[in-house]
Structure formats: structure tokens, C-alpha cells
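The following report describes the fold and selected residues of a single protein chain. It moves from the overall architecture to the strands, the nonpolar cores and a few individual positions.

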Amino acid sequence: MAKEKDRIKKHVNIVNRKASFEYQFLEKYVAGVMLKGTEIKSIREGKVNMQDGYCVFQNGELWLHNMHIATYTEGTHYNHEPMRTRKLLLNKKELRKLERGAEEQGVTIIPIRVFISDRGFAKVEVALARGKKLFDKREDIKARDVKREMDRSGY
């Protein structure tokens, strides 16, 4: 019975849908996250909001700001702070590449997805992104509408 529960893992895949509309992704990276106490339990429940999240380099390390992980309902006084900054874990090579890319004008690092890996660790997919202009957003809306019409008509 216990082995069956281990095989049936709850798949967590929380996506920042607004990010793909607001930004053009240049490169994507998967990073580990340093969590405290009850944060992993809240992530497994899917209580994460990363709409306003962004990443910043401090002393050669990448930190995630403004990602809200709700407090765990079963937690006591050991519960975590929902809006604290969290350290992202990447290879030095990836960190240097991201840091060089983020120094460009108009380029930022944003979280686009939070998920649980096969081994049970929380991972964050971050993207090196450039903000879209208004006309780029209009083109995306037009392409999405054309695709929707094609699907409806049966082509």
C-alpha cells in the first residue's frame, strides 16, 4: 500500500502565464530553490503566486524576490514568511551566463514555472527575458485568434 502511494505522486506544475504575454524569453534555466520548513508543503498543495516575481544578483548569487508561497495551514509557530527572498541554486557557469545576459538594457530574469522534480525537490524554471512592446503583444493576440479560428473550422 505504501509503495503505491510513493508511485502516485502529486504533480505540481504552477505556471506564470502572464510572463509569456509580457516578455519574450531568450533563454530558460531550471534552478533549485533553498526553502525553509513548511514552504515545500505549501508548494505541494499548489499555493504559490509568482506573478510579480523577479530575480536579482547579490554577491554573485541569484535571489528570487516577490514569489508568494502561502503559509502552511497545518503549520504552527514554525510557519514560514510568505514573501521572503529565496536563493536559487545554479551552476557557476549558468550563473555567469545569466549575469552577463541580465546586464543588457531591457533584459531581466523572471520565474516562469514552479514544479516538483522526480526526486521530490522543488524547482523553479527561470528565463532571461526581454519586455515586449505593445505591437508585439498585439501580434501575439492576433496569432492566437487565428489559431483558435482554424481549430474551430476543423483545418
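Helices and strands are named here as DSSP runs, of at least four residues for a helix and at least two for a strand, and they are numbered from the N terminus. In those terms, glycine 154 takes a positive phi of about 95° just after helix H5. The model discussed is a predicted one.

**Overall architecture**

The protein has five helices and nine strands, and along the sequence these follow the pattern α-β-α-β-α-β-β-β-β-β-α-β-β-α. The C-alpha trace spans about 50 × 45 × 30 Å along its principal axes. Of the 155 residues in the protein, 34% are buried, and the protein exposes about 10800 Å², of which carbon and sulfur atoms supply 50%. Among contacts between residues at least 6 apart in sequence, 67% join residues at least 24 apart.

Helix H5 covers residues 134–153. Its 20 residues, at 1.5 Å a residue, should span 28 Å, and the end C-alpha atoms are 29 Å apart, which agrees with that expectation.

**Strand pairing around E4, E5 and E7**

Strands E4 and E5 pair in the antiparallel sense over five bridges, and E5 is in turn joined to E7 by three bridges, again with the strands running antiparallel. E7 also pairs with E2, in the antiparallel sense and over two bridges. Individual bridge partners in these pairings are listed below.

| Residue | Bridge partner | Strand of the partner |
|---|---|---|
| Cysteine 55 | Leucine 64 | E5 |
| Tryptophan 63 | Lysine 87 | E7 |
| Valine 33 | Leucine 88 | E7 |

The side chains of E4 alternate, with Cys55 and Phe57 pointing to one face and buried, while Tyr54, Val56 and Gln58 point to the other face and are not buried. An alternation is also found along E7 (residues 86–89), where Arg86 and Leu88 point to one face and are buried, whereas Lys87 and Leu89 point to the other and are not.

**Nonpolar cores**

Which residues have the most contacts inside the largest nonpolar core? They are Ile43, Leu62, Leu88, Leu98, Ile109 and Val114, in a core of 27 residues. Two or more residues of this core come from each of strand E2 (23–33), helix H3 (39–44), strand E4 (54–58), strand E5 (61–65), helix H4 (92–102), strand E8 (107–116) and strand E9. A second, separate core has five residues, including Ala19, Ile110, Ile112 and Ala127. In soluble globular proteins, nonpolar side chains tend to be buried together.

Leucine 88 belongs to the largest core. Leaving aside its neighbours within four places in sequence, leucine 88 is in contact with Ala31, Gly32, Val33, Cys55, Leu62, Leu64, Val124 and Val126.

**Two buried positions in strands**

Glycine 32 lies in strand E2 and, with a relative accessible area of 11%, falls under the 20% cut-off, so it counts as buried. Beyond its neighbours within four places in sequence, glycine 32 is in contact with Lys87, Leu88, Leu89, Ala122 and Lys123. The C-alpha atom of glycine 32 is separated by 25 Å from that of glycine 106, which is 74 residues apart from it along the chain.

Is glutamate 125, in strand E9, buried or exposed? Glutamate 125 is found within residues 122–131, the extent of E9, and its relative accessible area of 13% is also under the 20% limit, which means that this residue is buried. Apart from neighbours within four places in sequence, glutamate 125 is in contact with Lys28, Tyr29, Val30, Ile110, Pro111, Ile112, Arg113 and Phe115.

**Asparagines with positive phi**

Asparagine 59 is found in the loop between E4 and E5, a hairpin that has two residues between its strands. Phi of asparagine 59 is near 55°, a positive value in a residue other than glycine. Because its relative accessibility of 81% is over 50%, asparagine 59 counts as exposed.

Asparagine 66 is placed in the loop between E5 and strand E6 (68–69), and it has a positive phi of about 60° although it is not a glycine. Its relative accessibility of 32% lies between the 20% and 50% cut-offs, so asparagine 66 counts as partly exposed.

Key. Residues numbered from 1 in each chain as written. Predicted model: local features only at pLDDT ≥ 70, side-chain atom pairs only at ≥ 80, totals over all residues. Heavy atoms only, no water. Buried < 20%, exposed > 50% of the residue type's maximum accessible area, 1.4 Å probe, protein only. Contact = heavy atoms within 4.5 Å. Core = buried A, V, L, I, M, F, W, Y, C linked by side-chain atoms within 4.5 Å. Pairing = 2+ DSSP bridges. Expected span 1.5 Å × (residues − 1). Areas by Shrake-Rupley, 256 points an atom, 1.4 Å probe, with all protein chains shown as cover.
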